[in-house]
Amino acid sequence: MTTKATATDDSFHVFDTTLRDGAQREGINLTVADKLTIARHLDTFGVGYIEGGWPGANPRDTEFFARAQQEITFENAQLVAFGATRRAGGSAAEDPQVQALLKSGAPVITLVAKAHDRHVELALRTTLEENLEMVRDTVSHLREQGRRVFVDCEHFFDGYRANAAYAKSVVRTAYEAGAEVVILCDTNGGMLPAQVQAVVSTVVADTGARLGIHAQDDTGCAVANTLAAVDAGATHVQCTANGYGERVGNANLFPVVAALELKYGMKVLPEGALAEMTRISHAIAEVVNLTPSTHQPYVGVSAFAHKAGLHASAIKVDPDLYQHIDPELVGNTMRMLVSDMAGRASIELKGKELGIDLGDDRALVGRVVQRVKERELQGYTYEAADASFELLLRGEVEGRARRYFRTESWRAIAENRPDGTHANEATVKLWAKGERIVATAEGNGPVNALDRALRVALERIYPQLAKLELVDYKVRILEGRTGTESTTRVLITTGDGTGDWATVGVAENVIAASWQALEDAYTYGLLRAGIEPTD
């Protein structure tokens, strides 16, 4: 299917509801400042509509609309206010909630309307005919006030199954009253793609209305259901960034848009915006304070990561053999993972990725493959520790391990005092630039004390280390011997303000494994800083 549209015309809508529906996800609690930041990101990405929340329903959303008008100049998007049809028995012109929508100043308003007969009678406690009048009156009033109106038909698919004629009458009423688009909502998220396509096709034919789709992800089909609706004639898709939303979430904006642009041939974003998709996804994840999903389609760090040696051999010939798109189209990159599954091609491609020329030295590549497999048998994992692998690879290429310091000894003491307090102290003895250094430090745990002692010892000689910060620390007990005799693997993520890197250590106790990972982390940090090794 190929459709020609532009990001600024009205033939197809990309509608984002992260700030309203996405904010209902458990664990997300957005401030007004957060919402303003996300709105800027979404506008930069090029969505056509940003639903900001429900003004009048809570002070935060009311403040957001007031500040957005003053603080944001939207380049691509129009701001949308969300609300409900007027109350039963009243009039839209006098309904306080409808007036709050108008006061928001938003040029577009989305109204939620009941499309399931049982919801009308049990939740709204009114008649089916009055519900239609509520839709007709509210849409007409907002249109008379100069607003564009979209109508969300809540629980549409369940309502269609129960009473198709009534569900379609809600669509028809909204459209005839002036709604530009009527959105069919899979509110409970229980639909499957073939069902969505069949229903949307029928409703398009029977009502003549312009339709949109709002899919929840309770069956894991929200993206597929959204695209099925487009196949059936929907020209408006409602999504959330990274699939955030109530329960298990909503249709994920990023794979939906990528599919429309790259698979359907539709132009739904401004020129060049798709290449910003990975950055925008991760930036929004930072604002909501949720770790980005590493395995998210298109934008996850593992989306174009290859581990199997068979894949690597093919990718070396042609990356398209094991990738459905060029990752650069969505701002992502291909990554080669090095593990005990690695073959020569994996090592060669990883070397190229790291900027290390392995030439045609098959013996060198063979040694690296063998060493990786031996080390992974001991418990090391290089697919999760690129920095440790790069140090290993450079050591093989350069003929010796890259060293900025040499450890003579270290020790860590954890003391439990009679008064119930605890003390942790570490001492390191090492050599750097021909100087023997002994340093001692305390910390809030033995590993933290070791980290601090290492800093005390080295920062005078290598001031670049002052920028380093331990970002993450993971411990895993490996299979083998049980209990406290088990082998331990430690993964440490370190950052310097411009990037992060991961290192690994394996030993029979957590402190020794941590020391290995710390040594690699500091060594790699100095390598990144461009410091030449001296030992």
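Helices and strands are named here as DSSP runs, numbered from the N terminus. With that naming, T85 can be placed in the loop between β3 and α3, and from this residue the reader can be led outward through the structure, which is a predicted model.

T85 counts as buried because its relative accessibility is 11%, and buried means under 20% relative accessible area. Leaving out residues up to four places away in sequence, T85 touches Q97, L111, V112, A113, M134, V135 and T138. The loop between β3 and α3, the latter spanning 96-103, also holds G89, but G89 counts as exposed, at 75% relative accessibility. Between the C-alpha atoms of G89 and E26, which stand 63 residues apart along the chain, the separation is 35 Å.

Strand β3 itself contains F82, a residue that is buried with a relative accessible area of 5%. When residues up to four places away in sequence are not counted, F82 touches R20, E51, G53, W54, P55, L101, T110, V112 and D152. One of these partners, R20, has its charged end over the ring of F82, 3.7 Å from the ring's centre. A further charge over a ring is found at K35, which lies over the face of F64 at 5.2 Å from the ring centre. As for distance across the model, F82 and E398 are 316 residues apart in sequence, and their C-alpha atoms are 62 Å apart in space.

Strand β3 belongs to a barrel, which eight strands close in the order β1-β2-β3-β4-β5-β6-β7-β8 with parallel pairing. From one strand to the next, the twist averages 25 degrees. Strands of a sheet pair through backbone hydrogen bonds, either parallel or antiparallel. Within this barrel, strand β4 (residues 108-114) pairs with strand β5 (residues 148-154) in the parallel sense over seven bridges, and L111 stands opposite V151 in β5. Across β3 (78-84), β4 and β5 lies helix α5 (residues 128-144), which runs at about 175 degrees to β4.

What lies inside can be followed through the nonpolar cores. In soluble globular proteins, nonpolar side chains tend to be buried together. The largest nonpolar core here has 93 residues, and F156 and L260 are the ones that touch the most other members. Helix α10 (residues 253-263) gives this core its largest share, seven residues. Setting aside neighbours within four places in sequence, F156 is in contact with A115, A167, K168, V171, L184, C185, V199 and V203. A second, separate core has 38 residues, including V428, I492, W501 and Y522.

One member of that second core, V428, leads to a different kind of strand pairing, since its bridge partner in β13 is A439. Strand β12 (residues 422-432) and strand β13 (residues 435-443) pair in the antiparallel sense over nine bridges. The hairpin of β12 and β13 has two residues between the strands, and in this hairpin K433 takes a positive phi near 50 degrees.

The aromatic rings offer another route through the model. A pair of aromatic rings is described by the distance of the centres and the angle of the planes. A search of the whole structure finds 11 aromatic pairs. Among them, W410 and W515 form a stacked pair, 5.8 Å centre to centre and with 25 degrees between the planes. This pair links distant parts of the chain, with W410 in strand β11 (residues 406-416) and W515 in helix α17 (residues 510-528), 105 residues apart. W410 counts as partly exposed because its relative accessibility is 29%, whereas W515, at 4% relative accessibility, counts as buried.

W501 and Y524 also form an aromatic pair, in this case a tilted one, 5.6 Å centre to centre and with 55 degrees between the planes. W501 lies in strand β16 (residues 500-507) and Y524 in helix α17, so this pair ties together parts that are 23 residues apart in sequence. Both W501 and Y524 are buried. Elsewhere, F15, Y49 and F150 form one aromatic cluster.

Methods. Residues numbered from 1 in each chain as written. Predicted model: local features only at pLDDT ≥ 70, side-chain atom pairs only at ≥ 80, totals over all residues. Heavy atoms only, no water. Phe/Tyr/Trp six-rings, centres within 6.5 Å; stacked < 30°, edge-to-face > 60°. Helix = DSSP H or I, 4+ residues; strand = E, 2+ residues; numbered from the N terminus. Buried < 20%, exposed > 50% of the residue type's maximum accessible area, 1.4 Å probe, protein only. Lys NZ or Arg CZ within 6 Å of the ring centre and 35° of its normal. Pairing = 2+ DSSP bridges. Axes fitted to C-alpha atoms, helices over the stretch in contact; angles between N-to-C directions. Contact = heavy atoms within 4.5 Å. Core = buried A, V, L, I, M, F, W, Y, C linked by side-chain atoms within 4.5 Å.
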